[in-house]
Amino acid sequence: AGFFTRLGRLIKEKAKSDVDKLFSGFSKTRENLSVVDELLTYWNLADTDRVLDDLEEALLVSDFGPKISFRIVDTLRDQIRDGKLKSGTEIKASLKRCILELLTTKGSKTELQLGFRKPAVIMIVGVNGGGKTTSLGKTCLQI
């Protein structure tokens, strides 16, 4: 019984460590995205290009990926240019809408196609410290 008790304790400690790492990844993302509040609070039309560049960088650092980050910022840039967004508050609301739309809209090329056979194997490749585990954890929590 002592072996199984130790094994159970070890598994429990490992699971707690993994959960702590996952949530520390969330806090890093939250910190990276908190820059957005600061950028948009004092936004004015003259600073548009600089603010959008900084916003793009904040999205990239927060694991949004280049294509998505560029698409979001380009959408915001177009809306500002067309006069649809005139304040930092409006830009922030539009940013939230863009992200929500990306997360809820199924596209033909962005949807994961697993085929007819289940279970499927998905291989994730990346450099050490690149955020593979954190990104997978975030994805699994959204399912």
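**Exercise 1. Find out what share of the chain is buried, and describe its surface.**

Step 1. Start with the cut-offs: a residue is buried under 20% relative accessible area, exposed over 50% and partly exposed in between (1.4 Å probe, protein chains only).

Step 2. Apply them to the chain: of its 143 residues, 21% count as buried.

Step 3. Now look at the surface, using areas from the Shrake-Rupley method with a 1.4 Å probe, where for residues only the protein chains shown count as cover. The accessible surface of the chain is about 11200 Å², and carbon and sulfur atoms hold 59% of that surface.

Before you go on, keep in mind that this is a predicted model, in which local features need pLDDT of at least 70, side-chain atom pairs count only at pLDDT 80 or more, and totals for chains, interfaces and linings use all residues. Residues are numbered from 1 along each chain as its sequence is written, and side-chain values use heavy atoms, with hydrogens and water left out.

**Exercise 2. List the elements of the chain and describe its contacts.**

Step 1. Helices (H or I, at least four residues) and strands (E, at least two) are DSSP runs, numbered from the N terminus.

Step 2. Count them: there are five helices and zero strands. Read from the N terminus, the order is α-α-α-α-α.

Step 3. Turn to contacts, meaning heavy atoms within 4.5 Å. Among contacts in the chain with a separation of 6 or more, 53% come from residues 24 or more positions apart.

**Exercise 3. Work through the salt bridges and place their partners.**

Step 1. A salt bridge needs a side-chain nitrogen of Lys or Arg within 4 Å of a carboxyl oxygen of Asp or Glu. The background idea is that side chains of opposite charge can pair when their charged atoms come close.

Step 2. The whole structure has five salt bridges. Let's look at some of them.

Step 3. In helix α2, R50 and D54 sit four residues apart, about one turn of the helix. Their side chains form a salt bridge at 3.2 Å, N to O. R50 is partly exposed at 45% relative accessible area, and D54 is partly exposed at 28%.

Step 4. Move to helix α3 (residues 66-81), where D74 and R77 are three residues apart, again about one turn of the helix. The closest N and O atoms of this salt bridge are 3.3 Å apart. D74 is partly exposed at 37%, and R77 is partly exposed at 27%.

Step 5. Add D53 to the picture: D53, D74 and R77 are linked in a network of salt bridges.

Step 6. Finish with R81 and D82, whose salt bridge has its closest N and O atoms 3.8 Å apart. R81 counts as exposed at 60%, whereas D82 is partly exposed at 48%.

**Exercise 4. Examine two buried residues of helix α2, E56 and T48.**

Step 1. Place E56 first: this residue is in helix α2 (residues 48-61).

Step 2. Check its charge, with Lys and Arg counted as positive, Asp and Glu as negative, and His and the chain ends not counted. E56 is buried yet has no salt bridge. R77, its nearest side chain of opposite charge, is 5.3 Å away.

Step 3. Find what E56 touches: setting aside residues up to four places away in sequence, the partners are S69, F70 and V73.

Step 4. Do likewise for T48, also found in helix α2. T48 counts as buried at 10% relative accessibility. Leaving out neighbours within four places in sequence, T48 is in contact with W43 and I80.
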